[in-house]
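Student: I'd like a close look at one part of this model, followed outward into the rest. Please keep it brisk.

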Amino acid sequence: MRFSAERRDHPRARIRRLVTLSLLTAASLVLFLFEALIPAPLPWVRLGLANVMTLTVLYLYGPGDAFLLTLLRVVLGSFLVGAFLAPAFFLSLGGGLLAVSAMSAARALAPRRLSIVGVSVLGAVAHNAGQLLVLSVFFLRGADAVRLLPYLTLSATLLGAFIGFVARALVDRLAARAAAAASVDADNTESS
Amino acid sequence: MRRVLTAGDVFLIVLLVGASVAAAIAFARAPAGATVSVRAGDEIERRFSLSEPRTLRVRGPLGETEIAIEDGAARVVASPCARKVCVRMGAARRTGETLVCVPNRVIVRIEANAGEADEFDAILR
């Protein structure tokens, strides 16, 4: 599964990519804020809606842009909820960076074995692990962090799979559009 | 047609669910604890017996967190933090169970009998 439909060299394709990335970043911020509003059924459990956008960017544009999107979401999101440099900021930074690293690595190392759903599950679990890692560096003892891990891993696995299906649907649609747009660009270039 | 899930996806999901359920069951079977350790902000860790009901007030960066000890369990009753995760974590009674309030930097941990409980601290307060 490769989505290299878009021609990076064409100027219109570059603009299209920039606009798509900006829209996906904005969408991930909105989802992040929306999710902060819904009360979680259990403490520490989050749906991870914003990860739909990270996954989509990873599959459409690669790890570099996925890292950029994650950093922007964490920093801008913390501005919007007023938590910049607060403990919650470092938790979401640690979780976000470990998640996007794990997903990028999984996609690069096992592209045949894992679909976007498996990559999403890994990302969700890594997100929790990253948060607990930051927690244990800051003030929690390692043993306490391990104690919380099973419940978080269980919910992250199931929610991560769900998020993966959503991301797959979005990636399929966006890739189809990009392919159509690229063929239009190619036609225009030939005729001009 | 692309398959919905690859064998790797299924393996990963089954592995993670299995491991976390097994660990959760192992933790849920831990014996009931005897003492509770309380840390708040930069305060020194203090221990109290779980068998005596009492209410503790500890000070973190945001204000006072209220912890109740009763029926051999500890729970956070009131906290100045925004999301009240610690309050919603409920009661902890088994060895190793932990209640955490990240914003107010409070950690409540159930322990097996780890030496003497700090009864005097509680009386002096």
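Student: Take the open sheet of 4 strands in chain B: in what order do the strands lie, and is the pairing parallel or antiparallel?

Tutor: A caution first: this is a predicted model. The order in the open sheet is β3-β4-β5-β6 of chain B, and the pairing is antiparallel. Its edges are β3(B), residues 54–59, and β6(B), residues 91–92. Each of these edge strands pairs on one side only.

Now look inside the sheet. β4(B) covers residues 64–70 and β5(B) covers residues 73–78. The two run antiparallel and are joined by 5 bridges. One pair to find on screen is B:Ala68, which stands opposite B:Arg75 of β5(B). In general, strands of a sheet pair through backbone hydrogen bonds, either parallel or antiparallel.

Next, turn to β1(B), residues 35–40. β1(B) pairs with β2(B), residues 46–49, in the antiparallel sense, through 4 bridges. Within that pairing, B:Thr35 has B:Ser49 as its bridge partner. The hairpin of β1(B) and β2(B) has 5 residues between the strands. There, B:Gly41 takes a positive phi near 50°.

β1(B) also pairs with β8(B), residues 106–111. That pairing is antiparallel too, over 6 bridges. Here B:Ser37 is partnered by B:Arg109. Of the 6 residues in β1(B), 5 are buried, so the strand is largely enclosed by the rest of the structure.

What about the nonpolar cores? The largest has 33 residues. Those with the most contacts inside it are A:Leu55, A:Val57, A:Tyr59, A:Ile116 and A:Val119. Chain A supplies at least two residues from each of α1 (11–37), α2 (50–61), α3 (63–81), α4 (87–109), α5 and α6 (142–191). Chain B joins in through α1(B), residues 7–28, which also gives at least two. The largest share, 8 residues, comes from α2(A).

A:Val119 is worth a click. Leaving out residues up to four places away in sequence, A:Val119 touches A:Leu55, A:Leu58, A:Tyr59, A:Met103, A:Ala106, A:Arg107 and A:Leu114. A second, separate core has 19 residues, among them B:Ile67, B:Ile69, B:Cys81 and B:Cys86. In soluble globular proteins, nonpolar side chains tend to be buried together.

A polar residue also lies inside chain A. A:Asn128 sits in α5(A), residues 116–138. Its relative accessible area is 9%, under the 20% cut-off, so A:Asn128 counts as buried. Beyond its neighbours within four places in sequence, A:Asn128 contacts A:Leu152 and A:Ala156.

Finally, the interface. Chain B brings 35 residues to the contact, and chain A brings 36. About 2900 Å² is buried between the two chains, with carbon and sulfur atoms giving 66% of that area. The rule finds 0 salt bridges across the interface. It finds 5 residue pairs in polar contact, both members at pLDDT 80 or more.

Which parts of chain B touch chain A? Elements giving two or more residues are α1, β1, α2 (85–88), β7 (98–101) and β8 of chain B. The most comes from α1(B), with 11 residues. Thus α1(B) appears both at this interface and in the largest nonpolar core. β1(B) and β8(B), paired over 6 bridges, are also among the elements on that side.

Note on methods:
Residues numbered from 1 in each chain as written. Chains lettered and ligands numbered in written order. Predicted model: local features only at pLDDT ≥ 70, side-chain atom pairs only at ≥ 80, totals over all residues. Heavy atoms only, no water. Buried < 20%, exposed > 50% of the residue type's maximum accessible area, 1.4 Å probe, protein only. Contact = heavy atoms within 4.5 Å. Pairing = 2+ DSSP bridges. Core = buried A, V, L, I, M, F, W, Y, C linked by side-chain atoms within 4.5 Å. Buried area = accessible area lost by both parts, 1.4 Å probe. Salt bridge = Lys/Arg side-chain N within 4 Å of Asp/Glu carboxyl O. Polar contact = N/O pair within 3.5 Å; in protein donor to acceptor, adjacent residues only side chain to side chain.
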